[in-house]
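Open your viewer and get ready to make a few selections. Could you walk me through this structure, stop by stop, and tell me what to click on next?

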Amino acid sequence: MSEIADHTAMESGLQIISEWQLGEIRKGNILLQQSLMAAMAKAILLALLKVLMIVIFAGWIALWILKPTTLWTRKWKGAEDSARHTVFDYYGLNFAVFTFPLIALTIIGVVYLNLVTKEPPRSRPARSAPVGFSNPVVVNSFVGILSSMEILAVFLFLLFLAWTYYARISNDFKKLMPIKSLKLDLWQIKYLRVATRFGLLAEVCLAMLLLPILRVLPLFQLIGIQFEASVRYHILLGTSMIFFATIHGASTLFIWGVSHHVQDEMWRWQKKGRIYLAGEIALVTGLVIWITSLPQIRRRRFEIFYYTHHLYIVFLIFFLFHAGDRHFYMVFSGVFLFGLDKLLRILQSRPKCCILSARIYLFPSKAIELTLPKDPRLKYTPTSVIYMKIPSISKFQWHPFSITSSSNSDNHTMSIVVKCNEGWTSSIYDMIKAELDSDTGAKNCMPVSIEGPYGPASLDFLRHDSLLLIAGGAGITPFLSIIKEIASLSSRRYRFATRVQLIYVVKKSQDVCLLNSVSSQLLNQSSTQFSLNLKVYVTQEEGSNATVIGLLNDFSLVRTVNFSTKCSNYAVHGLDSSVLMAAMVALSSIKFLVSLIFFNRIFVPTEMKSSASQKMVVPSENKASKEKTPSSVVDLLLLASFIIALACNTFVAIILRWKRLKKDIPAASPKQGNKAIELAGSVEASTVEDHEIHFGGRPNFQDILSKFSDETGGSDIGVLVCGPESMKESVASLCQLKSQGLNIGAKGKKPYFFFHSLNFTL
């Protein structure tokens with residue numbers, strides 16, 4: 001009987017286990033279905049947002065194309081006449097049609113980038129045609145490195161400028177009218193119209209000038225261009241704007257000169273019409289900004305470049321007075337977004353945090369590694385950049401630095417490497433050196449303000465079979481984070497490159513010390529699942545018997561100082577919620593429009609509202625009433641509305657930030673310890689065999705690319721370059737030659753090199 005009972009109990013137990021297993025399987029299937037449905041819903045939402053952004057952007061471009069035509073002028077005049085009988089009036093219509101589309105695009109774009117996953121890829125996609133279009137097509141020392149997509153964009157932009165100018169000037173020549181205040185010949189009238197229309201081309205460039213340098217509201221990131229790379233477009237647009245504006249201003253002065261009206265016209269601040277003096281001030285200010293931003297000044301006298309660049313406020317205000325509010329609405333979207341972006345960055349940098357520790361290399365490389373506290377929830381992608389301000393050195397200067405740590409391996413800290421040459425960076429070195437040499441036992445506190453991190457929205461640039469990293473000098477810093485990221489994720493089934501080769505070009509062998517933070521990945525590869533090979537080229541030293549491991553050991557002696565965190569106990573917490581930023585942009589536009597309507601109802605007479613900003617001669621019956629209120633008052637009301645919108649947003653953002661800091665942001669965890677001398681990364685010679693070092697010459701990139709493609713045997717090689725422009729151009733030319741033809745979908749082993757240019761300085 002006992003055996004029967006035991007057998008029955010065993011069967012019931014097995015039945016219970018079987019039912020439990022079936023229940024777990026059902027639960028797993030339900031969770032899998034839910035995750036698949038969520039992923040599908042997210043994919044549909046992303047597709048809808050992308051379509052909506054394309055429609056809005058296409059509509060905004062269509063407005064610019066149609067604006068020079070007589071058809072648009074006639075239809076738009078009727079629309080403004082209808083709007084004058086509504087609460088919005090002409091200024092509300094101009095804001096809604098010309099300014100708001102880019103604001104709406106930014107709102108949707110911020111939400112879109114928030115939804116795009118930043119999780120590393122678990123599989124590599126097949127090579128596709130769009131990727132090939134990003135590879136270099138034109139490599140030239142004058143224009144730099146241009147891909148086919150960039151060439152197409154430049155061509156379309158130049159075509160648009162030509163169309164705008166042709167449409168305007170052809171209409172002007174059909175209905176030439178003499179100017180009453182100036183007695184001009186026919187050729188002078190025509191030349192003056194030509195000069196005026198060059199001012200419109202400058203206006204087109206100004207409309208897009210500030211968009212590439214948005215950091216918190218990154219429009220260019222929607223097309224895969226990072227902030228540090230998009231700065232080049234800001235430079236090109238700024239140069240074009242100054243070129244057109246100079247022709248506009250100089251030609252106008254020339255006509256005034258030949259007609260003997262320079263003294264009469266040059267110093268006029270008209271009550272009505274275009275204010276000439278304001279335009280002259282704007283042009284002079286723009287020229288000062290452009291001259292001090294030339295590479296010869298920007299790189300050698302950064303402080304001059306930095307402070308004079310803040311004259312953009314003066315430039316924009318006097319441009320508004322010169323052009324009037326109607327023309328300003330065409331460029332106002334960039335100004336509006338830049339103002340909000342600047343506000344959000346200022347608030348993000350509050351409160352200050354403190355440097356936890358600094359490691360200074362003892363040899364004459366003058367390099368330091370700074371460690372900052374980080375919120376454990378803050379995740380960033382490799383090659384991300386932070387902006388740092390040290391008030392004890394300068395209360396206004398911000399400097400960009402590439403993050404050299406990985407957020408997947410360092411949860412509570414982030415690191416940057418600073419190569420101290422001169423100026424601001426030299427001051428950091430002197431401060432830390434003084435702290436190291438001091439005999440006081442008390443630890444000082446070094447507060448800093450941090451913006452960022454700003455980085456790519458995805459890791460697509462690492463989705464290659466193999467990676468060839470080429471760095472020159474301080475250009476090694478973005479690659480340190482890439483190496484750490486790949487090493488930390490290589491054991492988690494994420495599909496990164498399994499073979500990485502690092503080419504490091506330096507002037508002196510002492511600069512190898514910058515590799516100290518990745519010495520464990522370089523010298524102890526048995527614990528990693530990817531192959532990392534290093535080749536160092538020392539260009540200004542003769543041949544020697546030194547080895548990579550010998551140099552790393554020789555230059556691994558560092559001194560470390562740990563700072564106090566008593567002055568600030570906060571950690572770097574990164575950007576605010578994307579949804580919150582999108583909401584703030586939307587609310588700011590509403591506040592601006594409400595303020596503008598309110599001010600115009602109070603300060604502008606009804607007779608003036610209909611044409612105060614037309615900058616044209618007014619009908620005689622309304623002349624008396626309009627003279628009471630100068631047209632510049634309308635411009636001031638626009639400016640005041642913008643300031644009020646920013647002020648209200650500042651107040652709301654401060655309250656939200658205070659609540660978040662009080663509730664969510666964890667305090668920094670200070671490192672314990674005092675000043676110390678350590679030998680970092682010392683290893684045995686047997687741990688490395690494949691690393692190479694070459695003295696007395698520059699690398700032959702053609703041989704390097706050929707050998708690497710033979711060694712890897714793969715058809716997908718990502719080439720990332722960070723260093724001097726000449727190095728980038730040399731590598732880009734070789735990638736262009738070696739990857740002629742896309743060979744899409746080929747299953748052979750013909751290598752294809754995907755070129756990526758990284759920047760460590762702006």
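Here is a short tour, starting with the whole chain and then moving to smaller selections.

**The whole chain**

Keep in mind from the start that this is a predicted model. Show the chain as a cartoon, and you will be looking at 23 helices and 17 strands. Now colour by burial: of the 762 residues, 50% are buried. If you turn on the surface, about 36,400 Å² of it is exposed, and carbon and sulfur atoms supply 63% of that area. Contacts tell you how the chain folds back on itself: among those between residues at least 6 apart in sequence, 81% join residues at least 24 apart.

**A patch on the outside**

Next, select Phe57, Ile61, Ile65, Trp163 and Tyr166, and keep the surface on. Together these residues form a nonpolar patch with about 470 Å² of accessible area. Two elements give two or more residues each to this patch, namely α1 (2-66) and α5 (148-174). Which of them has the largest share of the patch? That is α1, with 3 residues.

Zoom in on Tyr166, which sits in helix α5. Is Tyr166 buried or exposed? Its relative accessible area is 54%, and the cut-off for exposed is over 50%, so Tyr166 counts as exposed.

**Salt bridges between helices**

Hide the surface and show side chains instead. The whole structure holds 14 salt bridges, and we will stop at a few of them.

Begin with Glu80 and Arg326, whose side chains meet in a salt bridge at 2.4 Å from N to O. This pair ties together distant parts of the chain: Glu80 lies in helix α2 (residues 70-83) and Arg326 in helix α13 (residues 325-348), 246 residues apart. Both Glu80 and Arg326 are buried.

Then move to Arg232 and Glu150, another salt bridge, where the closest N and O atoms are 3.4 Å apart. Here Arg232 belongs to helix α7 (residues 227-258) and Glu150 to helix α5, with their positions 82 residues apart in the chain. The two ends of this bridge differ in cover: Arg232 is partly exposed, with a relative accessible area of 28%, while Glu150 is buried at 16%.

Stay with helix α5 for one more pair. Select Arg193 and Asp172, whose side chains form a salt bridge at 3.6 Å, N to O. Arg193 is in helix α6 (residues 186-209) and Asp172 in helix α5, and they are 21 residues apart. At 26% relative accessibility Arg193 counts as partly exposed, whereas Asp172, at 9%, counts as buried. To finish this stop, add Asp81 and Arg84 to Glu80 and Arg326: salt bridges with shared partners join these four residues into one network.

**An open sheet**

Go back to the cartoon and find the four strands in the order β3-β9-β6-β7, which make an open sheet with antiparallel pairing. Why do β3 (353-354) and β7 (399-402) each have one side without a neighbour in the sheet? They stand at the edges, and each has a single partner strand, so one side of each is left without a neighbour there. Look at β7 together with strand β6 (residues 385-389): these two pair in the antiparallel sense over 4 bridges. Within this pairing, Tyr387 has Pro400 of β7 as its bridge partner.

**Strand β10 and its partners**

Now select strand β10 (residues 466-472). All 7 of its 7 residues are buried, so β10 is largely enclosed by the rest of the structure. Show its side chains: Ser466, Leu468, Ile470 and Gly472 point one way, Leu467, Leu469 and Ala471 point the other way, and all are buried. In a regular strand the side chains alternate between the two faces of the sheet.

Add the partner strands one at a time. With strand β11 (residues 499-506), β10 pairs in the parallel sense over 7 bridges, and Ser466 stands opposite Arg499. With strand β16 (residues 717-722), β10 also pairs in the parallel sense, over 6 bridges, and there Ile470 stands opposite Val721.

**Last stop: helix α15**

Finally, select helix α15 (residues 477-489). Its 13 residues reach 19 Å from the first C-alpha to the last, close to the 18 Å expected at 1.5 Å a residue. Since 13 of the 13 residues of α15 are buried, this helix is largely enclosed by the rest of the structure.

Methods:
Residues numbered from 1 in each chain as written. Predicted model: local features only at pLDDT ≥ 70, side-chain atom pairs only at ≥ 80, totals over all residues. Heavy atoms only, no water. Buried < 20%, exposed > 50% of the residue type's maximum accessible area, 1.4 Å probe, protein only. Contact = heavy atoms within 4.5 Å. Areas by Shrake-Rupley, 256 points an atom, 1.4 Å probe, with all protein chains shown as cover. Patch = residues over 30% accessible without salt bridge, like charges linked within 9 Å, V, L, I, M, F, W, Y side chains within 5 Å. Expected span 1.5 Å × (residues − 1). Pairing = 2+ DSSP bridges.
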